[in-house]
Amino acid sequence: MTSPNAGSDASDRILTVPNILSGIRLLLIPLFAYLLLGPQADGLALVVLLASGATDWLDGKLARALGQTSRLGALLDPLVDRLSVVTTLVTFVIRGIIPWWVAALLIGRDLVLAGTMFVYKRRGLPPPDVIYLGKAATFVLMVALPVLLGSTGDSAVAGVLAPIGNALLIWGTGLYVWTGVLYTYKAWEVARAVPPSIDRAAHGG
């Protein structure tokens with residue numbers, strides 16, 4: 001019989017399958033950067049990038065399927081996501097795979113949205129609902145980056161992948177920035193309509 005506190009005990013666990021996968025993804029980040037910038041082993045770097053994406057998808061599925069969601073996982077998974085994305089973008093810029101302004105737009109968008117979270121926090125509100133278009137934009141970008149990495153070199157396959165990857169990158173970046181504008185507008189509306197919790201408490205509201 002399951003203890004009434006089993007759910008809370010599980011949420012404090014550290015050694016869960018999803019957390020181990022997130023730890024593996026964290027270790028893959030410096031390996032990816034080394035392969036791309038050191039020996040410029042693009043094929044191996046592509047394998048590492050795909051493996052990181054696969055474990056990212058898998059740890060979320062397993063967390064729900066095995067009932068192994070945890071406080072550590074809730075912090076670790078998005079942290080590893082951000083580190084992975086920033087590392088990929090920066091290394092791609094250094095290698096000349098993507099232009100610097102694309103990386104600046106994508107990273108800048110996330111920094112702006114991180115700032116808008118204080119609007120919700122000050123008002124005791126949960127973060128806004130995820131916009132489906134934003135999830136689609138993230139998916140397009142996550143496909144574009146491996147395709148662009150696969151387009152490095154002089155092979156016939158690289159020649160086919162290059163225009164596909166660039167098209168996906170442009171489309172994904174446009175959607176990503178646009179959804180950033182939508183999220184920012186939502187935060188602005190909340191800031192106008194809802195006073196901070198401290199103000200409400202001071203006025204007895």
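1. Let's start with Ile-24, which you will find in helix H2, covering residues 17-37. Please keep in mind that this is a predicted model. Ile-24 counts as partly exposed because its relative accessibility is 38%, and the range for that class runs between 20% and 50%.

2. Ile-24 also belongs to a nonpolar patch on the surface, together with Ile-14, Leu-15, Ile-20 and Leu-72. The accessible area of these residues together is about 490 Å².

3. Now turn to helix H7, residues 156-193. Its 38 residues, at 1.5 Å a residue, should span 56 Å, and the C-alpha atoms at its ends are indeed 56 Å apart, so the two values agree.

4. Have a look at Ala-162 as you follow H7 along: the helix bends there by about 25°. A proline, Pro-163, follows within four residues.

5. Which helices do the buried residues of H7 pack against? They pack against H4 (71-95), H5 (100-122) and H6 (132-150). Among these buried residues are Ala-158, Gly-165, Leu-169, Gly-172, Tyr-176, Gly-180, Tyr-183 and Val-190. As helpful background, an α-helix has 3.6 residues a turn, so residues three or four places apart point the same way.

6. Thr-173 is a good residue to zoom in on within H7. Is Thr-173 buried or exposed? It counts as buried, because its relative accessibility is 6%, and buried means under 20%. Leaving aside residues up to four places away in sequence, Thr-173 touches Val-102, Leu-105, Leu-106 and Leu-141.

Definitions and conventions
Residues are numbered from 1 along each chain as its sequence is written. This is a predicted model: local features need pLDDT of at least 70, side-chain atom pairs count only at pLDDT 80 or more; totals for chains, interfaces and linings use all residues. Side-chain values use heavy atoms; hydrogens and water are left out. Helices (H or I, at least four residues) and strands (E, at least two) are DSSP runs, numbered from the N terminus. Buried means under 20% relative accessible area, exposed over 50%, partly exposed in between (1.4 Å probe, protein chains only). Contact means heavy atoms within 4.5 Å. The expected span of a helix is 1.5 Å times one less than its number of residues. The bend at a residue is the angle between axes fitted to the seven residues ending there and the seven starting there. Patches are made of residues with over 30% relative accessible area and no salt bridge: like charges are joined within 9 Å, nonpolar side chains (Val, Leu, Ile, Met, Phe, Trp, Tyr) within 5 Å. Accessible areas come from the Shrake-Rupley method with a 1.4 Å probe; for residues, only the protein chains shown count as cover. A salt bridge is a side-chain nitrogen of Lys or Arg within 4 Å of a carboxyl oxygen of Asp or Glu.
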